[in-house]
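Got your viewer open? Let's take a walk through this model together, one selection after another.

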Amino acid sequence: MVDGNTADFSEDFDAGALEGAQGTIPGAQASDEFAQRLEEAYGKPLDSLAYGPESYDATILVALAAVHSGGTDGPSIQSSMAAVSGATGGTECSAFAECVEPARRW
């Protein structure tokens with residue numbers, strides 16, 4: 001099974017029909033800390049964290065590209081994506097707040 005059908009189907013099938021079935025959820029496994037922070041930001045428990053870490057990273061990259069380019073329009077952000085993603089060197093950092101100043105210099 002894939003992410004679109006990994007819900008609990010136990011009541012829809014005869015007992016044992018799904019025995020041994022396995023499903024996969026795409027993307028990175030979110031840490032407990034990340035999952036807690038995401039749920040706190042969302043305001044309630046989430047059914048799935050699929051693509052949560054990837055979406056978070058993408059959002060941070062777009063924000064850093066805006067900082068780097070000095071613009072929030074698509075072409076400005078696009079022109080800075082390689083610089084803020086590490087493709088052209090830069091400084092390794094792991095949180096938006098610590099990446100802002102280096103992003104201005106990359």
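## Stop one: helix 2

Keep in mind as you click around that this is a predicted model. Start by selecting helix 2 and colouring Gly-52, Pro-53, Ile-60, Leu-64, Ala-65 and Ala-66, which are the buried residues there. What covers them? The cover for these buried residues includes helix 1 (32-42), helix 3 and helix 4.

Now try a quick check of the helix length. Helix 2 has 18 residues, and at 1.5 Å a residue they should span 26 Å. Put a distance between the C-alpha atoms at its two ends: they are 26 Å apart, which agrees with the expected span.

Step just past the end of helix 2 and you land on Gly-70, whose phi is positive, near 80°. Then go to Tyr-51, in the loop between helix 1 and helix 2. Tyr-51 also has a positive phi, of about 70°, although it is not a glycine. That's worth a pause, because most residues other than glycine have a negative phi. Is Tyr-51 buried, partly exposed or exposed? Its relative accessible area is 43%, so Tyr-51 counts as partly exposed.

## Stop two: where helix 2 meets helix 3

Select residues 52-69 for helix 2 and residues 74-84 for helix 3. Their axes come within 8 Å and cross at roughly 105°. An angle from 65 to 115 degrees counts as roughly perpendicular, so that is how helix 2 and helix 3 are placed relative to each other.

Next, show the side chains where they touch. On the helix 2 side, pick Leu-61, Val-62, Leu-64, Ala-65, Ala-66, His-68 and Ser-69. On the helix 3 side, their partners are Ser-76, Ile-77, Ser-79, Ser-80, Met-81, Ala-83 and Val-84. Colour this contact by residue class and you get nine nonpolar residues, five polar ones and no charged ones.

## Stop three: the nonpolar core

Clear your colours and select Ile-60, Leu-64, Ala-65, Ala-66, Ile-77, Val-84, Cys-99, Val-100 and Ala-103. Those nine residues make up the largest nonpolar core. Helix 2, helix 3 and helix 4 (96-105) each supply at least two of the core's residues. Which helix gives the most? That would be helix 2, with four residues. As background, nonpolar side chains tend to be buried together in soluble globular proteins.

Zoom in on Leu-64 while you're here. Ignore its neighbours within four places in sequence, and ask which residues Leu-64 is in contact with. You should find Val-84, Phe-96, Cys-99, Val-100 and Ala-103.

## Stop four: helix 1 against helix 2

Swing over to the other pairing. The axes of helix 1 and helix 2 come within 11 Å and cross at roughly 70°, so these helices are roughly perpendicular to each other. At the meeting point, helix 1 brings Phe-34, Arg-37 and Leu-38, while helix 2 brings Gly-52, Pro-53 and Tyr-56. By class, that contact has four nonpolar residues, one polar and one charged.

Click on Phe-34, which lies in helix 1. With 12% relative accessibility, Phe-34 counts as buried. Setting aside neighbours within four places in sequence, Phe-34 is in contact with Gly-52, Pro-53 and Tyr-56. For a sense of scale, draw a line from Phe-34 to Ser-85: they are 51 residues apart in sequence, and 21 Å apart in space, C-alpha to C-alpha.

## Last stop: the segment before helix 1

Finish in the segment before helix 1, where you'll find Asn-5, Gly-20 and Ala-21. Asn-5 is partly exposed, with a relative accessible area of 30%. From Asn-5 to Leu-18 you move 13 residues in sequence, and their C-alpha atoms are 12 Å apart.

Now select Gly-20. It is exposed, with a relative accessible area of 69%. The C-alpha atoms of Gly-20 and Ser-55 are separated by 31 Å, with their positions 35 residues apart along the chain.

One residue to go: Ala-21 is partly exposed, at 43% relative accessible area. Draw one more line, from Ala-21 to Trp-106, which are 85 residues apart along the chain. Their C-alpha atoms are separated by 48 Å.

Conventions. Residues numbered from 1 in each chain as written. Heavy atoms only, no water. Axes fitted to C-alpha atoms, helices over the stretch in contact; angles between N-to-C directions. Parallel < 35°, antiparallel > 145°, perpendicular 65-115°, else oblique. Contact = heavy atoms within 4.5 Å. Nonpolar A, V, L, I, M, F, W, Y, C, P; charged D, E, K, R; others polar. Core = buried A, V, L, I, M, F, W, Y, C linked by side-chain atoms within 4.5 Å. Buried < 20%, exposed > 50% of the residue type's maximum accessible area, 1.4 Å probe, protein only. Expected span 1.5 Å × (residues − 1).
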